[in-house]
Amino acid sequence: MVYSGAVDRIIGRPPPKTGDVVLVADGSEKPIGWGLYNSVSMFCVRLMQLENEAARDPYCALNMEKLLETRINVATELRKNLGLPSVETNAYRLVNSEGDRLSGLIVDIFGDIAVVASSAAWVEKYKSDIESCVNRIPEINHINWRSSVELLKEEGLDLSSLEETQSPPSKQLVQVMENGIKYVVSLEGQKTGFYADQRENRHYISNISNGKTVLDICCYSGGFSLNAIQGGALNVIGVDTSLPALELAKENVLLNNLDPHRLSFLRQDATEFMKEALSRNELWDLVILDPPKLAPRRKALQNARGMYRNLNYLAMQVTKRGGFLMTCSCSGAMTQSGIFLPTLQAAASMAGRKITVVRQGGAACDHPIDPSYPEGAYLSNVLLRVL
């Protein structure tokens, strides 16, 4: 990634337009690599190949169509080597933006449907090429294109032309499987429709739930709750404010033939629910707290830190002494700042509890991270013993 502030000058007339392929050089005009230009975004150039790579593999040099084909094939092969898809899992991430060296492009697979999330102007420009590459994957029969309107505004994209090219999803609902559990996914829901990044963390919950009472705060469509029941939990309560998400959660209970008497979902604010539970002295053996992104930008971090502290303060109080709290943050600013654990410690001090970190996790293995772009690490998942 080349930030706009790092660009000294642009050589060439006429100047490049957004989406054009450009060469990037250092101060002595020695080539660094090539990428896609944006005249408006803070990401002035999204680098696609470094100079030494282009010299080694000239097949893709300065050719986005060939590079897309190569990178998507490499991403597909990586997932196959990771065991995805499998008999038990057909919901996974195929392309993870910078992690698969296609900055601004995300592709999630739900059975025979590929959901493409676009957050860069170049992705919109090469839409037909991307769809062509994805359509070559044998399992895929449908593509749902989702443009991130707010992010594309920052890319300087003409949103009126974008709306004209947007097509409704071929299906509104699709059934998928993750670790042997069936889910109904809404293709009009949050993000691409399903949080595949928590797959390994959800599965871990099934390993520690046997014989426990479980509270799942901000449960969305019930992923952690379903895994807890499958793992032998005595009773699970899921809480969320979204009615459509809770309807999906209830449908997932029926889909998996689970006992509705052991698993219930409530529509209520997380803070209100936990405060009311404390007033009744209700405690759980295992509490899961997975709130939405509270710090969308680094400038919101200080305010978000207070919200994370207060939510975890309550979550620790409704956890039985000696019990577990799995707490999460999907705010990249929080994860990258390194202050999530100190925030949890502050919450424990407020609650008069002692915590021990038992496990730390992040996004699932199909969400690779490029070490040269640490901003790609956004998910924190921490399992605490609460005393």
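Analyst: Helices are DSSP runs of H or I with at least four residues, strands are DSSP runs of E with at least two, and both are numbered from the N terminus. This is a predicted model, so local features need pLDDT of at least 70 and side-chain atom pairs count only at pLDDT 80 or more, while totals for chains, interfaces and linings use all residues. Residues are numbered from 1 along each chain as its sequence is written, and side-chain values use heavy atoms, with hydrogens and water left out.

User: OK, let's do sheets. Which strands sit at the edges of the open sheet β5-β6-β7-β8?

Analyst: Pairing here asks for at least two bridges found by DSSP between two strands. The sheet has four strands in that order, with mixed pairing. Each edge strand pairs on one side only, and the two that do so are β5 (91-96) and β8 (142-147).

User: What is the bridge partner of Val-95 in β6?

Analyst: Start with the two strands: β5 and β6 (residues 105-110) run antiparallel and are joined by five bridges. Look across from Val-95 into β6 and you'll find its bridge partner, Val-107.

User: Now β2 and β3. Which residue in the turn of their hairpin has a positive phi?

Analyst: Strand β2 (residues 21-25) is antiparallel to β3, with five bridges joining the two. One of the facing pairs is Val-24 with Gly-33 in β3. Five residues lie between the strands of this hairpin, and the one in the turn with a positive phi, about 70 degrees, is Glu-29.

User: And on to β4: which residue there does Tyr-37 stand opposite?

Analyst: A hairpin leads from β3 to β4 through five residues. The two run antiparallel, and β4 covers residues 43-50, with five bridges joining it to β3. Opposite Tyr-37, in β4, stands Val-45.

User: Time for the hollows. Which element gives the most to the lining of the largest pocket?

Analyst: On a 1 Å grid over the protein atoms alone, a pocket is an open set of points with protein on both sides within 12 Å along at least five of seven lines, a cavity is a set where a 1.4 Å probe fits but cannot get out, and lining residues have an atom within 4 Å of a point. Elements that each supply at least two lining residues include β4, β7 (113-118), α5 (149-154) and α12 (332-337). With four residues, the top contributor is α5.

User: What is the volume of that largest pocket?

Analyst: A volume is the space filled by probe spheres set on the grid points, which are joined across faces, edges and corners. The largest pocket comes out at about 1800 Å³.

User: Of its 50 lining residues, which are the closest to the centre?

Analyst: Don't look for them on one element alone: β5, β6 and β8 are also among those that each supply at least two residues of the lining. The closest to the centre are Ser-119, Leu-151, Lys-293, Arg-297 and Tyr-373.

User: How about the largest cavity: which element gives the most to its lining?

Analyst: Two cavities of 30 Å³ or more turn up in the whole structure, and the largest holds about 50 Å³ of space. Its lining includes Thr-76, Arg-79, Lys-80, Tyr-92 and Leu-94. Both α2 (64-81) and β5 supply at least two residues, but the most, three residues, come from α2.

User: And which strands each supply at least two residues to the lining of the second largest cavity?

Analyst: About 40 Å³ of space lies in this one. Among its lining residues are Leu-36, Tyr-37, Phe-43, Arg-46 and Trp-122. The strands you're after are β3 and β4.
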